[in-house]
Amino acid sequence: MEDIINAINYWMQTLPKVYDSMAETEISNRPLPNKWSKKEILGHLCDSALNNINRFIKIQYEEQPFVIQSYNQDQWVILQNYQERPLEEIVNLFLSLNEQIINIISNIPKERLSYLCDIGNKQETLEWLVKDYLNHMEHHINNQILNKNNA
């Protein structure tokens with residue numbers, strides 16, 4: 001878990017600087033009408049944190065395997081109106097939510113990391129779910145915000 005905490009901390013320190021270095025047009029531009037802007041992608045990462053906070057807590061006390069509920073990511077981004085909100089608000093939300101994620105995963109007892117959750121087509125552990133949260137975050141950061149791999 002220490003590596004995951006360190007990686008989340010790294011992105012909490014790095015992402016605000018990345019966004020500060022971008023022009024408003026780059027932050028708000030949607031590459032295609034049905035694709036999110038970089039501002040909306042950051043909002044989506046906030047939504048992911050919100051949903052995973054719920055999961056990381058509930059899997060520790062609910063009946064196993066804990067059934068992971070999906071959410072409509074596009075509707076969350078649209079209904080929270082990230083595109084029109086000030087970037088500073090979204091950055092602050094991202095930082096606060098990930099501070100909470102770090103707090104939660106720092107306090108998961110080792111034996112609970114093997115608790116199971118049902119992700120629809122298979123069962124995974126809480127440890128896998130925490131790692132998947134970071135992988136998901138880094139996918140969006142590297143491929144869409146930083147434009148690595150031209151994805």
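The largest nonpolar core of this predicted model has 44 residues, and Ile8, Leu15, Phe56, Ile105 and Ile145 touch the most other members. At least two residues of this core come from each of α1 (2-20), α3, α5 and α6. In soluble globular proteins, nonpolar side chains tend to be buried together. Below you will find the core, the pockets, the backbone and a few residues worth a look, in that order.

**Core and its contacts**

- Setting aside residues up to four places away in sequence, Ile8 touches Asn98, Ile101, Ile102, Ile105, Tyr133 and Leu134.
- One of those partners, Ile105, is also among the five core members that touch the most others.
- Leu129 sits in helix α6, and its relative accessible area of 4% is under the 20% limit, so Leu129 counts as buried.
- Beyond residues up to four places away in sequence, Leu129 is in contact with Asn52, Arg55, Phe56, Ile68 and Cys117.
- Phe56, one of the contacts of Leu129, is another of the core residues that touch the most other members.
- For a sense of distance, Leu129 and Gln100 are 29 residues apart in sequence, and their C-alpha atoms are 16 Å apart in space.

**Largest pocket**

- The largest pocket holds about 340 Å³ of space.
- Its lining has 15 residues, and Pro31, Lys35, Trp36, Ile41 and Gln144 are the closest to the pocket centre.
- Helices α3 and α6 each supply at least two residues of this lining, with α6 giving the most, three residues.
- If you are setting out the chemistry of the largest pocket, its lining divides into four nonpolar, seven polar and four charged residues.

**Second largest pocket**

- A volume of about 270 Å³ belongs to the second largest pocket.
- Among the 15 residues lining the second largest pocket, Asn52, Arg55, Tyr71, Gln73 and Asp132 are the closest to its centre.
- The elements that give two or more residues to this lining are α3 and α6.
- Helix α6 provides the largest share of the lining of the second largest pocket, with five residues.
- By class, the lining of the second largest pocket has six nonpolar, seven polar and two charged residues.
- There is a link back to Leu129 here: Asn52 and Arg55, listed for the centre of the second largest pocket, are both among the residues that Leu129 touches.

**Backbone geometry to check**

- Most residues other than glycine have a negative phi, and most peptide bonds are trans.
- The peptide bond from Gln64 to Pro65 is cis, with omega near -5°.
- Pro65 lies in the loop between α3 (38-58) and β1 (66-67).
- Asn81 is not a glycine, yet its phi is positive, near 55°.
- Asn81 belongs to the loop between α4 (73-79) and α5 (87-106).
- Asn147 also has a positive phi, near 60°, in a residue other than glycine, and is found in the segment after α6 (126-145).
- Asn81 has a relative accessible area of 38%, and Asn147 has a relative accessible area of 38%; a value between 20% and 50% means partly exposed, so both residues fall in that class.

**Two partly exposed residues**

- Glu127 is part of helix α6 and is partly exposed, with a relative accessible area of 30%.
- Leaving out residues up to four places away in sequence, Glu127 touches Met1 and Leu113.
- Glu127 and Ser114 are 13 residues apart along the chain, and 6.5 Å separates their C-alpha atoms.
- Asn29 is located in the loop between α2 (24-28) and α3, where it is partly exposed, with a relative accessible area of 46%.
- With residues up to four places away in sequence left out, the contacts of Asn29 are Ser37 and Lys38.
- The C-alpha atoms of Asn29 and Lys39 are separated by 8.5 Å, with the two residues ten apart along the chain.

**Annotated span**

- An unreviewed UniProt entry lists residues 14-141 as "domain: DinB-like".
- In the model, residues 14-141 are 59% helix and 6% strand, and the end C-alpha atoms of the span lie 10 Å apart.

How values were computed
Residues are numbered from 1 along each chain as its sequence is written. This is a predicted model: local features need pLDDT of at least 70, side-chain atom pairs count only at pLDDT 80 or more; totals for chains, interfaces and linings use all residues. Side-chain values use heavy atoms; hydrogens and water are left out. Helices (H or I, at least four residues) and strands (E, at least two) are DSSP runs, numbered from the N terminus. Buried means under 20% relative accessible area, exposed over 50%, partly exposed in between (1.4 Å probe, protein chains only). A nonpolar core is a set of buried Ala, Val, Leu, Ile, Met, Phe, Trp, Tyr and Cys residues joined through side-chain atoms within 4.5 Å. Contact means heavy atoms within 4.5 Å. UniProt positions are given in the numbering used here, feature names are shortened, and annotations may be inferred rather than shown by experiment. On a 1 Å grid over the protein atoms alone, a cavity is a set of points where a 1.4 Å probe fits but cannot get out, and a pocket is an open set with protein on both sides within 12 Å along at least five of seven lines; lining residues have an atom within 4 Å of a point. Grid points are joined across faces, edges and corners, and a volume is the space filled by probe spheres set on the points. Ala, Val, Leu, Ile, Met, Phe, Trp, Tyr, Cys and Pro count as nonpolar, Asp, Glu, Lys and Arg as charged, and the others, Gly among them, as polar.
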